[in-house]
Amino acid sequence: MSTVAINLPLPVLPAGWAAEKDFKAVGALSAPTQRNIEPVGPHFLAHARRMRHKRTFSEDDRIQAEKSAKKVEEEDDGDISEPEDPLMLQRDAKDWKGQDHYAVLGLSKYRWRATEDQIKRAHRKKVLRHHPDKKAAAGQAQDDSFFKCIQKATEILLDPVKRRQFDSVDEAADVEPPTKKETQKGNFFKLWGPVFESEARFSKTQPVPLLGDENSTREEVETFYNAWYNFDSWRTFEYQDEDVPDDNENRDQKRHVEKKNQNARKKKKTEDTTRLRHLVDDCLALDERIKKFRQQEHAQKNKKRLEREAEAKRAAEDAQKKKEEEARLQAEKEAAAKVEKEAGKKAKEAAKNAAKKNKRVVRSAAKDNNYLVDGEASAAQIDGVLNDVDVLITKLDADELAAFVAKLNGKSGAASVRPIYADEIKRLVEAGKVKAGELKNIEA
């Protein structure tokens, strides 16, 4: 059920109105009822506690505040508890730029990693311990200087912009790089790893490649150094600016200080970039993995060079073998040609000799068989037969001559030999080698 509020002014009582004579009851009271009432609630409990212990209001408030502070301290004595430096408790609140805000709140071990919740809890714990009212109640000197330090530290660390400015110059969060001598004695990755983990908090791009270990691949190592040589830092140095005067009348002085601060920031930024570059250079120079990769690359280059040399050697050997094989085949070919030539020469010589012999046989066959005539051969017949036989021999090649001689072998007598000559002449006439009647002296 909803209610609607209507704002109406109360009516003005008429002049001379009095409750004794003008009051009129519009209703009657109900009959009384007997009920048991139990006193409860924080105010009744506080009253009962004061009565029991016979305390005043201020005494009871002080004791309860101490109990609450102790309870909070017991609850927060875990991750945000650290002993307080006596010198820190004596800090001047005006020198707030020189104070370690994380140490003031007891968050030294967390620093830029501290969460907003941890900062709030640490603030509550410090306030309960160092609030001026609590000190006054405990009879201590009412010095609120450190309390102001607490308030200033909380103000800066809970503001993202101011906290980033302080983190940018928080030297207590930096990890000093090891020297070359320390690196050679100790574990390279154990000494250098925290350095880059600390520097990584300034990167605009997250996550940042970390150093890795001895088992990192070449690609991972190259990615690490490429990222750090191209490191894009958000680090600024406004926190260390000289305070700008608030006097609006002195504008020239204000502009002078602002310009001075800007130049100082640029210079510090340049110096920080140079510092980081030298840091990466030093790490690279001491990184054994780089040496290992170079040795592997050198070995790979040597391997390729040796392979090329071996391939060139094999090619030269193959070329030499091919050349030797060609020379051998050429020599064999020349030897075979020589043998063939010799054989041909011998065959030719033999054929020549055989031809000479066959020619002698042909001539002798005519001569020995009475020059192929019956009776006594005249000188003219002898001369004519011998001339025709010589012509016949010139018309026959070696094979024909040999075949002709084979026919003459074993034959004797002009009557037997003459028909053989006549048949051979007839064959030559038919072959067109001899004209008819050309060898009339030995024809049939």
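## Aromatic contacts and nonpolar cores

W96 is partly exposed, at 26% relative accessibility. This is a predicted model, and W96 is a good place to enter it.

**W96 and its partners**

W96 forms an aromatic pair with Y239. The geometry is edge-to-face, with 6.1 Å centre to centre and 85° between the planes. W96 lies in the loop between α4 (86–89) and α5 (101–104). Y239 lies in the loop between α12 (218–229) and α13 (251–286). The pair therefore ties together parts that are 143 residues apart in sequence.

Is Y239 buried or exposed? Y239 is buried, because its relative accessible area is 7%, under the 20% cut-off. W96, at 26%, counts as partly exposed.

W96 also has a charge over its ring. The charged end of K152 sits there, 4.3 Å from the ring centre. A similar topic arises at W234: R164 lies over the face of that ring, at 4.0 Å from its centre.

**Other aromatic pairs**

How many aromatic pairs are there? The count comes to twelve. One of them joins F188 and F189; their ring centres are 5.2 Å apart and their planes are at 85°, so this pair is edge-to-face. F188 is buried at 9% relative accessibility. F189 is buried too, at 18%.

Both residues belong to a cluster linked by ring pairs. Its other members are W192, F196, F224, Y225, W228 and F231.

| Residue | Relative accessibility | Class |
|---|---|---|
| W96 | 26% | partly exposed |
| Y239 | 7% | buried |
| F188 | 9% | buried |
| F189 | 18% | buried |

**The nonpolar cores**

In soluble globular proteins, nonpolar side chains tend to be buried together.

Here, the largest nonpolar core has 25 residues. Which of them touch the most other members? They are V362, V389, L392, F404, L408, Y421 and I442. Four helices each supply at least two residues of this core: α14 (288–368), α15 (379–395), α16 (398–408) and α17 (414–431). Of the contributors, α17 gives the most, with five residues.

What does L408 touch, leaving out residues up to four places away in sequence? Its contacts are V362, A365, V417, I420 and Y421. Among these, V362 and Y421 are also on the list of core residues that touch the most other members.

A second core is separate from this one and holds 22 residues. Its members include F196, V280, L286 and I290. F196 is also part of the aromatic cluster described above.

Terms used: Residues numbered from 1 in each chain as written. Predicted model: local features only at pLDDT ≥ 70, side-chain atom pairs only at ≥ 80, totals over all residues. Heavy atoms only, no water. Core = buried A, V, L, I, M, F, W, Y, C linked by side-chain atoms within 4.5 Å. Buried < 20%, exposed > 50% of the residue type's maximum accessible area, 1.4 Å probe, protein only. Contact = heavy atoms within 4.5 Å. Phe/Tyr/Trp six-rings, centres within 6.5 Å; stacked < 30°, edge-to-face > 60°. Lys NZ or Arg CZ within 6 Å of the ring centre and 35° of its normal.
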